[in-house]
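Welcome to a short set of exercises with worked solutions. Have the sequence and the model open beside you, and try each task before reading on.

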Amino acid sequence: MGEVAEFPVDDEEAGRAERIEALRRRIAAVPARGEVQSVARGRVEAPSDRILPVPAPLAELLPQGGLVRGSVVSVSGATSLLLGMLASVTASGGYAAVIGQRRLGLLAAAEMGARLHRLAVIPDPGSDPVEIAAVLLDGIDLVVLGLGGTSVPPSRARAVAARARSKQSVLVVTDGRWEGAHVRLEARVDGYRGVDGPGRDRLCATRLSVRAHGRAFPPRATRVEVCAGRSAVEWASEERNRLEDWHFRKAVR
């Protein structure tokens with residue numbers, strides 16, 4: 001699965017300036033955006049200059065078909081949403097960082113196609129995770145910031161959003177309050193498929209209800225399934241899987 005880069009920012013003896021400088025040095029070693037454009041398993045397309053990719057069923061919810069560089073996105077609910085974003089961005093050649101998410105399932109991300117050697121994990125960012133996120137926006141395509149239930153003051157949120165815009169990165173905030181996000185995504189588990197169906201008592205998919213709304217577009221909603229494929233965990237629209245189930249039942253009669 002590759003190795004996960006883990007930044008040592010939890011050393012209590014190191015000063016704040018030293019920790020930030022260490023992060024800057026590591027960012028400088030990251031290849032420039034666009035140097036790597038490989039695609040894993042052919043499920044996602046390489047991002048355009050302004051868009052970071054997301055799983056296909058989620059792309060239908062977003063006006064630009066993905067995460068617009070320079071924006072702030074608020075995510076709440078089922079963690080599959082975050083894992084799908086990380087998988088899509090790293091599989092298409094981008095780099096991502098996760099801050100303050102100790103229980104994020106990296107194995108699940110890898111099963112969705114994430115390239116873990118393009119993922120930096122900072123489970124314990126110290127007393128100021130927002131500052132760590134601001135530094136990482138300098139050289140990382142997608143920065144996921146777990147706020148741990150806290151609320152970020154509007155003035156500081158605007159300053160960090162301006163930094164994301166100037167660096168053309170995407171900041172995803174979760175587990176807290178962040179005013180002024182460009183897009184808000186909410187996901188909840190809505191059921192399962194396979195236990196009583198053609199899977200013969202095996203769990204085949206988790207159903208999610210996903211809602212998106214933002215500054216420039218009205219609320220939109222869809223239902224998707226995170227499915228166990230032959231070689232990977234895949235995202236699909238519920239309608240597509242309903243048709244596949246119908247064809248399966250018809251074939252085995």
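**Exercise 1.** Which residue stands opposite Leu145 in S7?

Solution. Start with the ground rules: this is a predicted model, in which local features need pLDDT of at least 70 and side-chain atom pairs count only at pLDDT 80 or more, while totals for chains, interfaces and linings use all residues. Residues are numbered from 1 along each chain as its sequence is written, and side-chain values use heavy atoms, leaving out hydrogens and water.

Step 1: find the strands, which are DSSP E runs of at least two residues, just as helices are H or I runs of at least four, numbered from the N terminus. S7 covers residues 142-146, and S5 covers residues 96-99.

Step 2: check the pairing, which takes at least two DSSP bridges between two strands. S5 and S7 run parallel and are joined by four bridges.

Step 3: read off the partner: Ile99 is opposite Leu145.

Step 4: look at S9 (residues 170-174), which is joined to S7 by five bridges and also runs parallel to S7. Here Val173 is opposite Leu145.

**Exercise 2.** Are the residues of S7 buried or exposed?

Solution. Step 1: recall the cut-offs: buried is under 20% relative accessible area, exposed is over 50%, and partly exposed is in between, with a 1.4 Å probe and protein chains only.

Step 2: apply them; five of the five residues in S7 are buried.

Step 3: sort by direction. Leu142, Val144 and Gly146 point one way, Val143 and Leu145 the other.

**Exercise 3.** Decide how Pro63 is placed, and what Pro63 touches.

Solution. Step 1: locate Pro63 in the loop between helix H2 (56-59) and strand S3 (67-68).

Step 2: Pro63 counts as partly exposed because its relative accessibility is 46%.

Step 3: list the contacts (heavy atoms within 4.5 Å). Leaving aside residues up to four places away in sequence, Pro63 touches Phe217 and Arg220. Phe217 is 154 residues from Pro63 in sequence, yet their C-alpha atoms are 7.4 Å apart.

**Exercise 4.** How do helix H5 and helix H6 pack?

Solution. Step 1: take the geometry, using axes fitted to C-alpha atoms over the stretch in contact and angles from 0 to 180 degrees between N-to-C directions. H5 (residues 129-136) and H6 (residues 154-167) pack at about 20°, with axes 9 Å apart. H5 is therefore roughly parallel to H6, a label for angles under 35 degrees.

Step 2: name the partners. Val130, Glu131, Ala134 and Val135 in H5 meet Arg156, Val160 and Arg163 in H6.

Notes: Angles under 35 degrees count as roughly parallel, over 145 as roughly antiparallel, 65 to 115 as roughly perpendicular and the rest as oblique.
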